[in-house]
Amino acid sequence: MKVLFSSWKGKLVDNRGKPEPDWEESPNIKLPDTFGGSLSGFIGWDGIILLDEKADAVEMTANYTASLQSSSCGRCFPCRVGTKVAEDIIKRILSGNGKSSDLEELSDLCDSISKNSKCGIGQLGTVAITDSLKYFRSDYEDYISGKRKAPNLSYPYKMTAPCISACPTGMDIPQYIEYIKDADFAGSLANIREASPMANTLGRACFHPCENSCRRANVDEPIAICKLKRYAWDWEDQHAVESPKNLNMHTRKEKIAVVGAGPSGLSAAYYLALQGFHVTVYEKLMGPGGAAWTGIPQYRIPKEILLREAEQVKDVGVDIKYGVEFGKDETFKSLRDAGYGAFYLATGGDLSKKARVEGEFEGYEGFVGGIGVLKDVVLKTMPNPPMKGNELPKPKRIFVIGGGNTAMDCVRTFRRLGCEDVSIVYRRTMKELPADPHEIHEAEEEGVLFKFLLAPTKIVAKNNKVVGLECQKMELGEPDESGRRRPQAVKGSEHILDCDLIISAIGQDCDIRYLAEEPTIKKSDWDTIITDEDTMQTEVADIFAGGDVQTGPLTLVTAVGQARRAAQSIGQFLRGEKVEITDEQKVENMIAKLGAYDKNEVVPEAGGWDRKAMPICGIEEKNNSFTEVELGYSQEDAMEEASRCMRCYIVGMAAVNGGGK
Amino acid sequence: MSVDAKKKMVTLTINDKPVEVQKGTTILEASRANGFDIPTLCYLKKLKPIGSCRLCSVELEGVASPVMSCETPAAQGMNVTTDSESLKKYRQDMMRMILVEHPRDCPVCERSGECSLQDRTFELNVLGHKWTTQGHTRKPIVDWGLIKYDQNLCIMCERCIKVCREVQGVAAYKIDGTGYKSKINTVTGEKLDCDFCGQCISVCPVGALSSGIGFAGRAWEMKRTATICPHCGVGCTLDINVKKDKVIRVTSNHKAGINDGNLCARGRFGYQFIQSDERVTAPLIKSDAGMENAKWNDALEAVAQKLKSYKDKFGGKAFVGIGSERSTNEDNYVFQKFFREVLGSGNLDNVANMNNGDICSKAFETFGDVSLTASYESFDSADLFVLIGADGSVENPVVGNLIRRATINHGADTAIAYSRKAVFLPEPKVALTYDYKDMNSFMLNLLGRTIENGGYDVDSAFTKSVGKGSADLAIDELVAFTKKRGNPIYIVGQEAQKHPQANAIIRNIANLAKICGGKVLMLKEYCNTQGVNDIGVSPNVLPGRKPEYRPELICGSSVIDQMKSGTAKVLIVFDEDVLGRLSGSESFRDACGNVEYIVVVDQFKSETAKLADVFLASSTSAEKDGTFTDMEGRCQAVFRAVSPIGKPAWQIFTELASKLGKDFGFKSVADIQAEIAKDVPLYSGIASGDFLVDYGPLLKSSSELKLVEPAKVEGELNPSYDQSLFSLGLYTDYCPALKPYQGGKAQ
């Protein structure tokens, strides 16, 4: 994009003094203006960016240094004291009281701060100060000589980290990890709960985008962020301690209906209850957890601890009503009549996506959807809480169509049910499998077969019973837009593979028939609810939506993250405030687009400190039972793993002219 | 080879020297072990790395910024430089940043002369100011009772926060605020509400946290005597700081003793009794006008005459004596020698043994090899600590620290069974309560469920005699957890030891330990409860616990029976408040009525001392040399730190013996130790000042599993909680600093 000046990531673009049409493009910046046209600049961990002449590098740097000082946790001297000394010097310059020796002193100080600080605030925060001293020296000198006056823009900022920025819940990951390092496990969990009440579910089943943005990976291996979260939850669960109390419980009179007791619904309910509201969750099934209950097998999250986690949501004052189908048993009207002031729709996606295979609509016995079959297994094998369901199929040979995590859940589940011959059927190869590599590895270990470069074309049935799957051989062609090589059918390669159960696990769809009552709410072509991306508010002011029903089948953590923003918006709505995100959140959005993580960055830290392996149960237990596979860290290992965290905190600050406060 | 030693080794180069260290060793540890010192301020071996001071930076080849050696593990192939011009500059800069905030109040600072900040400033040659800040104002000193916090001096190194959480388990401190304004505060923001162990004071590298001795003394003026704590039976090493023969404070040294420098409130703040105004300084003789001061020689002469007349008239059976759990082995040895060899009486005892002989003098007969205490060293390889009838962090607080060290360092777990909610921190994995009066039934049930569900190989006859026990969620959880962790140490507290059915209860704990392959540690109430029983101050056990060592010595019978029956005419009590401590002390008071002559040797006018015909002023362990034996059986030397008030008890009894015509030949404690070493094989190492007593020879054979019929009890049974973190027996009554806390938490 075109900017007046940028030193971002060491790539200098300097268009000062040039007419705007001649400005050189800055190749490495994507900086969305989340302030509606009033953004003049950005200063952060990788440098300083000026968008126009309204921005003043010295004032930006002064405010930025002050933000470093107030973001400093105070736990190392260079950051705690050094940034204060630096702030004092720059403020002195800004107010016209500086002296020319200040610039050398500041530069020297920044070097000491960046080389010796404990975390990114000091290590990376000083980059921008150093850059501004280097490239805007005449501006500083003008301030010192009294020639320049500060323009007084406003400077909202956000302290974040690559991992935090990658997390849809915005969880303060380095902090909760540091609590574990400090042996304050209760403190860690309290910190996690500020972003999500689902530490157990996330700690066991999150696909952890944070770990893909972990700077430690640039040194050796990423931190086991996800598993450490589980450790914090397990610690509380296993020790004689009480969960924290909600001091605001039912301090407000407004009532809110949350539809769906999945991760998104429960999270929203939790944060709404913490704000003092009366919250009732309506759930179609007879137990909590939604997709986490029916879709994630017992060996990944044992149901009994899922129940305990839901109990903790109830403990903060949330009422959960099971067995209530929204749109049928209750409606928008019936609940509005009953005094409910706002709705949060988090009904998820619990229909299996169509496989586009001939015969899938015939109603053959032996052809099922992945979501449905996993749910059936849960309903049949997990008696508590009681749920209704159909008989479990007892197949000899199973094909699962698809290569995602649901497909892996299906094959691993049927291995555990005692089926010997279970295969994944996938159009591409091992390399392109979209499932979590860890899940694929585990499936292989457990004896699951993989049939690659095969595309199902037809379900073969006899007497309305599945007897085989007709497949076509594939070969890989040119890469498509996703970068994966596009599979192409080999003509005349159709052949039939015998089997008696086919599971289609290529994705999920949402059931939003209940929206018929509110036709003004916008829906997407694939039956998801369209909301404001920031506030989660729909076209109907008192209705908000999030989770899979808004995003389409996505991740747990996204569903939870949206719930937290929705709870903020619903609170604003019910208190009669403007429903909007804060300036800090606008900066947060900006940073997410700009990218807080750079996989090519050379991180100046010692490597060779291996990630702690998670102990798992033996293959015997894996194949013959639904025992949880991952056993959890020991305290010793958890504390050591936590010690690997480099606390890559960074501050990003926007320079906003006129608007934005 | 230990588990640790089996870990993989890594090789690296430090300052061009190839070194090999265990995987997991930090660069700092590796460097120091190889003779390369690196300056530190926040690092402390007993704490997990903190990384706040940034002084320990080192250069690594291929890494652009210095890394902190305290928190970076040595990795294969690293090339480390621990000193360079650039590192020196950075270290000086870090010091300058610290000194930006730190007042130059050294002349009036309590810590001056023992301040790490002073030391580093000097070593790193940090001269003059480089940087300043604006708006720095002087903050008032916060008074948290026994602990004071001067924020102005605080360098935010976090040692106090760390030690409070990792070592004490309390987590009373936090960092308040951010950036430059951040400070140490209590977690509640209110007055400090904690154990007042003062660990935070001991680790504070500067004068920020202190006991507030103010201008009473400066570091270099005080003589430190490393000795053993005079309170409970843990055996902690502490330093008595003395200026001009006055005890100014107690400090501790992280490198000395079994306690890593950890103490409890009693140990650290309970020293005022030593030079209390209420100490009796001279002998007192009862007259019609009450107790009157007497000259030493007159008093001893008077006592000797009396003893002689009784001995001549009634023989040895006229004498009964009660020895001391808070005095030294040497004092107690001379005391029993005086009884056995001069008075001709073996009617001796000590209160612990009178309360429960099975766990004191008869422990080895009763419990066999289980009475071999688990050593503190064995804590470091235990995976589970099961506290039974014990609130370990109150009774013997530093045992709590030893447990927590195992918890933090290798992830050991804790479980507690107690008659009420125990306050052990951090919270145990399993916590269960039982009804005090049914404590033995609880133990039997635990035993039964352990055999039934634990899958241990247990003798079938014993299994049958125990029964299956009845299902109980909490007990079953403990059984399952013990099985899962394995390698338990059972810690047995006073509630079990003082229970009327203690013999059966402790027997069952021993059974449990045998079944689960565990060890047992009996908590001991006083600093020398173990020693007084080892050294023979009991009717049935001679010095060294074995009759054959000194066949000429005589055994006696129950002191209280002799008194009740009227056989005993003379009672000599030495350094013990029997009335204050003995269970059923009223019956003892009545029995004293039967005795004609009572001699009390002590420091204070205790309830027992009020009955005395003659009171002989003895000195505390801070005023004499000698040894204590702690609950793990470690015999450690105590040293004279100040001039004695009164006389050491050994001297009193030696002089009395001499007046009665027997010359012990003891001119010094060393003389006594020489005799003990010669005559008492169990204590042959006594002169070394630090040795673990080897009780092995006392064992006939490994004791098998057996049940003991519990004593019949009648009426209401209630536990007495006469102990708190801030009080234990007579001494803490004379420590005004502890007073405000003795009724519960600080006012």
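## Strand 19 of chain B

In this predicted model, B:Ile388 stands opposite B:Ala417 in strand 19 of chain B. The pairing behind this position is between strand 18 (residues 384-388) and strand 19 of chain B, which run parallel and are joined by five bridges. Strand 19 of chain B also runs parallel to strand 20 of chain B, with four bridges between the two. In that second pairing, B:Tyr418 faces B:Thr433 of strand 20.

Six of the six residues of strand 19 of chain B are buried, so the strand is largely enclosed by the rest of the structure. The cover extends to both faces: B:Asp413, B:Ala415 and B:Ala417 are buried on one side, and B:Thr414, B:Ile416 and B:Tyr418 are buried on the other.

## A cis peptide bond in chain B

The peptide bond between B:Leu425 and B:Pro426 is cis, with omega at about -5 degrees. B:Pro426 belongs to the loop that runs between strand 19 (413-418) and strand 20 (430-433) of chain B. The two strands on either side of this loop are the parallel pair joined by four bridges.

## A three-stranded sheet in chain B

Chain B contains an open sheet of three strands in the order 26-27-28, paired in the antiparallel sense. Its edge strands are strand 26 (626-629) and strand 28 (690-692) of chain B, each of which pairs on one side only. From one strand to the next, the twist averages 25 degrees.

Strand 27 (residues 634-638) and strand 28 of chain B are antiparallel and share three bridges. Here B:Gln636 stands opposite B:Asp690 of strand 28. Helix 9 (residues 329-343) of chain B lies across strand 26 and strand 27 of chain B, and its direction makes an angle of about 95 degrees with strand 26.

## Contact between the chains

The contact between the two chains involves 39 residues of chain A and 44 residues of chain B. On the chain A side, the elements that give two or more residues are helix 1 (57-71), helix 2, helix 3 and helix 23. Helix 2 of chain A supplies the largest share of that side, nine residues. By residue class, the chain A side divides into 13 nonpolar, 16 polar and 10 charged residues.

For the complex, the predictor gives an ipTM of 0.89 and a pTM of 0.90. Chain B has a mean pLDDT of 91, and 96% of its residues reach 70 or more.

## Helix 3 of chain A

Helix 3 of chain A covers residues 101-116, 16 residues in total, and reaches 23 Å from its first C-alpha to its last, close to the 22 Å expected. Its buried residues are A:Asp102, A:Leu106, A:Leu109, A:Cys110, A:Ser112, A:Ile113, A:Ser114, A:Lys115 and A:Asn116.

Elements of both chains take part in covering these buried residues. From chain A the cover includes helix 2 (77-94) and helix 4 (120-135), and from chain B it includes strand 3 (57-60) and helix 3 (85-101). Helix 3 of chain A is also among the elements that give two or more residues to the side touching chain B.

## Helix 7 of chain A and the loop after it

Eight of the nine residues of helix 7 (residues 173-181) of chain A are buried, so this helix is largely enclosed by the rest of the structure. The buried residues are A:Ile173, A:Pro174, A:Tyr176, A:Ile177, A:Glu178, A:Tyr179, A:Ile180 and A:Lys181. Their cover includes helix 6 (162-166), helix 8 (185-193), helix 10 (209-212), helix 11 (225-238) and helix 23 (635-643) of chain A.

Just after helix 7 of chain A comes A:Ala183, where phi is positive. The residue lies in the loop between helix 7 and helix 8 of chain A. A:Ala183 is not a glycine, yet its phi is about 65 degrees. A:Ala183 counts as buried because it has 22 C-beta neighbours inside 10 Å, where 20 or more are required.

## A second positive phi in chain A

A:Asn152 is not a glycine either, and its phi is positive at about 60 degrees. The residue lies in the loop between helix 5 (137-144) and strand 5 (157-160) of chain A. A:Asn152 is exposed, with 9 other C-beta atoms within 10 Å, whereas A:Ala183 is buried.

How values were computed:
Residues numbered from 1 in each chain as written. Chains lettered and ligands numbered in written order. Predicted model: local features only at pLDDT ≥ 70, side-chain atom pairs only at ≥ 80, totals over all residues. Expected span 1.5 Å × (residues − 1). Buried ≥ 20, exposed ≤ 12 C-beta atoms within 10 Å, placed from the backbone. Contact = placed C-beta atoms within 7 Å. pLDDT = per-residue confidence, 0-100. Pairing = 2+ DSSP bridges. Axes fitted to C-alpha atoms, helices over the stretch in contact; angles between N-to-C directions. Nonpolar A, V, L, I, M, F, W, Y, C, P; charged D, E, K, R; others polar.
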